[in-house]
Amino acid sequence: MRNVSIALLGCGNVGRGFVELAGRERQRIRDRYGVDLEIGRILVRDLTKIRPGVDRRLLTTRALEVIDSDCDVVVELVGGVHTAGAFVRRALANGQDVVTANKALLAAHGPELFEAATQRGLSIGFEASVCGGIPVVRALHRGLAGDSIESIRGIVNGTCNFVLSRMEEGLDFEGAVHAAQERGFAEADPSMDIDGHDSAQKIRILASLAFDAPVTHESVIGIRSVTREQIERAHAGGCVIRLVAEAERLPGGVTVRVRPREIDAADIFGSVRDEYNVVAIRGRATGEVVLTGKGAGALPTAAAVLSDVIEIAQLRSARPAEVGRVGVRTSSSAGAPRLVAR
Ligand SMILES: NC(=O)c1ccc[n+]([C@@H]2O[C@H](COP(=O)([O-])OP(=O)(O)OC[C@H]3O[C@@H](n4cnc5c(N)ncnc54)[C@H](OP(=O)(O)O)[C@@H]3O)[C@@H](O)[C@H]2O)c1
């Protein structure tokens, strides 16, 4: 049995889900994987918040007390770019593996962070950063490693699904966005989601895992211009409108597209609503593989984080021979840096 201590940065939606799941699954993980996961310290901003199921004695507002503790893995669930980036850099400098659900951080600083991890022989697990509970990073990196991927197509943004689903029920665009904000699906400023940039970030991360080629063409159109009339017309023809993100390998590079598309309501893509996501991966030998499930939410996202922690814990047992699981190295060909799975 190998003991692995975890420093948890952030105990909000996903962090609390992680604490709950790590506790609930601890014995099963011990029995099945031979690792005993223990959360040592937990970083938060506000010590007075009520956090059911969380041992208050583990909480602190002092970041270094958590990161510089004698832990093996740092789990970053604070979100944002600047502070989270500083925390992750510190953890890597300390020689700790990192798991994060932070797509925004990877989009802004991924190549630099993966480079730092690779140089130190450390891992950064990021399964939860794309499509929450759907193991699409692992599918591309491991499950389909034996095939050449030709294209990836997905509905990867729950906010847009929610807005489009409410518009199907009669709300106009502004009303549907407001409803999404009330339900906690959309941020106060929902532009990243509804203008397609969140979907573009996700499909770019998946493309970097699937294709050993640079993105040479990208076009991103969100759902701001989708009208009730378009949705009604689609509905009359047995279709729905969904924001679809695609990445395709073409001669000379990878093309990334995000745009609203009309889809047959009976199609698996047409039945995706609210926080559900779907990703279809086409391999040259395998044909199409479709993964669908909850792309967000505390427990599904926490489950993906926990899977990364388990995998890293197992890898640590195998060191120093094997290092850097989905450690990623930087390649700056064709201008923009990209992530490349090792
Ligand atoms: N929510 C989802 O469904 C989902 C899905 C996929 C990925 N993610 C990603 O998961 C990450 C966490 O999301 P979340 O929804 O759990 O966020 P959240 O509910 O806002 O939780 C953030 C946590 O971090 C703490 N925190 C933030 N800034 C801090 C700072 N400067 N110092 C110390 N503590 C700080 C907060 O402390 P307090 O509690 O004291 O305020 C809170 O506990 C994000 O990167 C997000 O993009 C979330």
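A residue counts as buried when its relative accessible area is under 20%, as exposed when that area is over 50%, and as partly exposed in between. By this rule A210, at 14% relative accessibility, is classed as buried. The structure discussed here is a predicted model, and the same rule is applied below to several further residues.

The ligand offers a convenient place to begin. It is surrounded by 21 residues, and the closest of them are C11, D46, K49, R51 and G297. Sorted by class, this shell comprises nine nonpolar residues, eight polar residues and four charged residues. The space that the ligand takes up is the largest pocket.

Several polar atoms of the protein approach oxygen atoms of the ligand. From the backbone, an N or O atom of V14 is placed 2.8 Å from a ligand oxygen. D46, one of the closest residues, likewise contributes a backbone N or O atom, here at 2.7 Å from an oxygen atom of the ligand. K49, also listed among the closest residues, contributes through its side chain, an N or O atom of which lies 2.7 Å from a ligand oxygen. Taken alone, the ligand would expose 910 Å², and the protein buries 75% of that area.

Attention may now turn to strand β5, which spans residues 97–100. D97 belongs to this strand, and its relative accessible area is 0%, so D97 is buried. The side chain of D97 nevertheless has a polar partner: one of its polar atoms lies 2.8 Å from the backbone nitrogen of S123. V98 is found in the same strand, β5. Because its relative accessible area is 0%, V98 is also classed as buried. The C-alpha atom of V98 is separated by 17 Å from that of G132, a residue 34 positions away along the chain.

Two loop residues deserve notice for their backbone geometry. Most residues other than glycine have a negative phi. C131, however, has a phi near 65 degrees, a positive value in a residue that is not glycine. This cysteine lies in the loop between β6 (124–125) and α6 (136–143). With a relative accessible area of 1%, C131 falls under the 20% limit and is therefore buried. D274 also has a positive phi, near 50 degrees, and is likewise a residue other than glycine. Its place is in the loop between β10 (253–264) and β11 (276–283). The relative accessible area of D274 is 17%, which is under 20%, so this residue too is counted as buried.

The loop between β10 and β11 also holds A265. At 36% relative accessibility, A265 lies between the limits of 20% and 50% and therefore counts as partly exposed. Computed along the sequence, A265 and A200 are 65 residues apart, and their C-alpha atoms are 24 Å apart in space.

The remaining stops are helical. Helix α9 covers residues 191–194 and includes I194. The relative accessible area of I194 is 3%, so the residue is buried. Its C-alpha atom is 21 Å from that of G133, and the two residues are 61 positions apart along the chain. Helix α10, running over residues 197–210, contains A210, the residue with which this account opened. At 14%, its relative accessibility is under the 20% limit, and A210 is therefore buried. A210 and H141 are 69 residues apart in sequence, yet their C-alpha atoms are 7.4 Å apart in space.

Technical notes: Residues numbered from 1 in each chain as written. Predicted model: local features only at pLDDT ≥ 70, side-chain atom pairs only at ≥ 80, totals over all residues. Heavy atoms only, no water. Near = heavy atom within 4 Å. Polar contact = N/O pair within 3.5 Å; in protein donor to acceptor, adjacent residues only side chain to side chain. Areas by Shrake-Rupley, 256 points an atom, 1.4 Å probe, with all protein chains shown as cover. 1 Å grid on protein atoms, 1.4 Å probe; cavity = no way out; pocket = protein on both sides within 12 Å on 5 of 7 lines; lining within 4 Å. Sits in = over half its atoms within 2 Å of the grid points. Nonpolar A, V, L, I, M, F, W, Y, C, P; charged D, E, K, R; others polar. Helix = DSSP H or I, 4+ residues; strand = E, 2+ residues; numbered from the N terminus. Buried < 20%, exposed > 50% of the residue type's maximum accessible area, 1.4 Å probe, protein only.
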